[in-house]
Amino acid sequence: MTDHITTHQAAEDARNENIEIYLNGVLVPKERALVSVYDSGFMLGDGVWEGLRLYNGTWAFLDEHMDRLFDAAKAVDIDLGLDRAGVVQALCDTQTANDMHTDAHARLMVTRGVKRRPFQHPALSQSGPTFTIIMEHSQPSLPRGIRLATVPHMRGLPMTQDPKLNSHSKLNCILACIAAEKAGADEALMLDVHGFVNTTNACNFFIVRKGAVWTSTGDYCMNGITRQKVIDLCRENDIPVYERNFSLVDAYGADEAFLTGTFGAQTPVIELDGRAIGGGGMGPVTTRIRGLYKDLIAKVTT
């Protein structure tokens, strides 16, 4: 069995060595896409980001992604320096510069900008935001399902670091992923503050029990766009779906489990804490949901 994989594992693509990256209004070669060591993002993780996926020349669920980006920027009091139309234009310009048509992934990142001195206070960031778009040719390539390990790291309360924010400060999730790898798994399953199953370090988490789909309440996890699309598709297609509190006991006894995210859509989970989930591959309910999701993508990108 392949040792360690990730939910964002992609096939190697030599074209990514020559990509153009959007940096503060200018498209520059990858090797020249550099920011200052005084940048707020580098220095303090002070920024927000958004990931989008390109299918058949169209950025899937663009409006929802723009809503989430602008909501996050407002929440952390960062002025993007562009209005919504300007951000979309920057995205399209980067796509054109890289001659990308499908199977591409974009990561938009905005920080508070370059600081005058190397300290925390946001007032020290006076030069305006740093805004960059990294766009890569990206085809998911997973040799098997994901193995998860439960870790002590939690997605916390909104008054600490709100888990609904796509913030640059991802150390908590990185430490969770490290702990899972030390335990021999690929990625981490994180619980909420009450001990209920919540999310992974990188994706939203679902289980299937007796034909019904379960996921967390959503109170302590990223408000995933793919997560919501899966919930909506289940409701529209008579697949029982529940947003509820559930424990590791429920997860260990699941017939199937899968992850959702912009990059991988629906990724099967084959093991949790050393316990096999399902038959070692993608189960029938997950397969049906993936088919419905592919149909939805085809509908919104044609």
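Biologist: Before we look at this predicted model, what does contact mean when two residues are said to touch?
Modeller: The term rests on a distance between atoms that are not hydrogens, and the cut-off is stated in ångströms. Contact means heavy atoms within 4.5 Å.

Biologist: Which residues does Glu64 touch, not counting residues up to four places away in sequence?
Modeller: Glu64 lies in helix 2, and with a relative accessibility of 31% Glu64 counts as partly exposed. Although Glu64 and Ile225 are 161 residues apart in sequence, their C-alpha atoms are 7.2 Å apart in space. Leaving out residues up to four places away in sequence, Glu64 touches Ile225 and Lys229.

Biologist: Is helix 2 parallel or oblique to helix 3?
Modeller: Two packed helices are described by the angle between their axes and the distance between the axes. Helix 2, residues 62–75, and helix 3, residues 84–97, pack at an angle of about 120°, and their axes are 11 Å apart. Angles of 65 to 115 degrees count as roughly perpendicular and those over 145 as roughly antiparallel, so the angle of about 120° makes helix 2, relative to helix 3, oblique.

Biologist: How many residues of the contact of helix 2 with helix 3 are charged?
Modeller: On the side of helix 2 the contact is made by Leu62, Asp63, Met66, Asp67, Leu69 and Phe70, and on the side of helix 3 by Arg84, Val87, Val88 and Leu91. These residues divide into seven nonpolar and no polar, which leaves the charged group, and the number of charged residues is three.

Biologist: How are helix 6 and helix 8 oriented to each other?
Modeller: The axes of helix 6, residues 225–236, and helix 8, residues 284–300, come within 10 Å and cross at roughly 105°. The contact is made by Thr226, Lys229, Val230, Leu233 and Cys234 of helix 6 together with Ile289, Leu292, Tyr293 and Leu296 of helix 8. Because angles of 65 to 115 degrees fall in one class, the two helices are described as roughly perpendicular.

Biologist: How many disulfides does a search of the whole structure find?
Modeller: A disulfide is a covalent bond between the sulfur atoms of two cysteines, and here the two sulfur atoms must lie within 2.5 Å. For Cys177, which is buried at 19% relative accessible area, the nearest cysteine sulfur is that of Cys173, 9.3 Å away. For Cys234, which is buried at 1% relative accessibility, the nearest cysteine sulfur is that of Cys221, 15 Å away. Neither Cys177 nor Cys234 is in a disulfide, and the number found in the whole structure is zero.

Methods
Residues numbered from 1 in each chain as written. Predicted model: local features only at pLDDT ≥ 70, side-chain atom pairs only at ≥ 80, totals over all residues. Heavy atoms only, no water. Axes fitted to C-alpha atoms, helices over the stretch in contact; angles between N-to-C directions. Helix = DSSP H or I, 4+ residues; strand = E, 2+ residues; numbered from the N terminus. Parallel < 35°, antiparallel > 145°, perpendicular 65-115°, else oblique. Nonpolar A, V, L, I, M, F, W, Y, C, P; charged D, E, K, R; others polar. Buried < 20%, exposed > 50% of the residue type's maximum accessible area, 1.4 Å probe, protein only.
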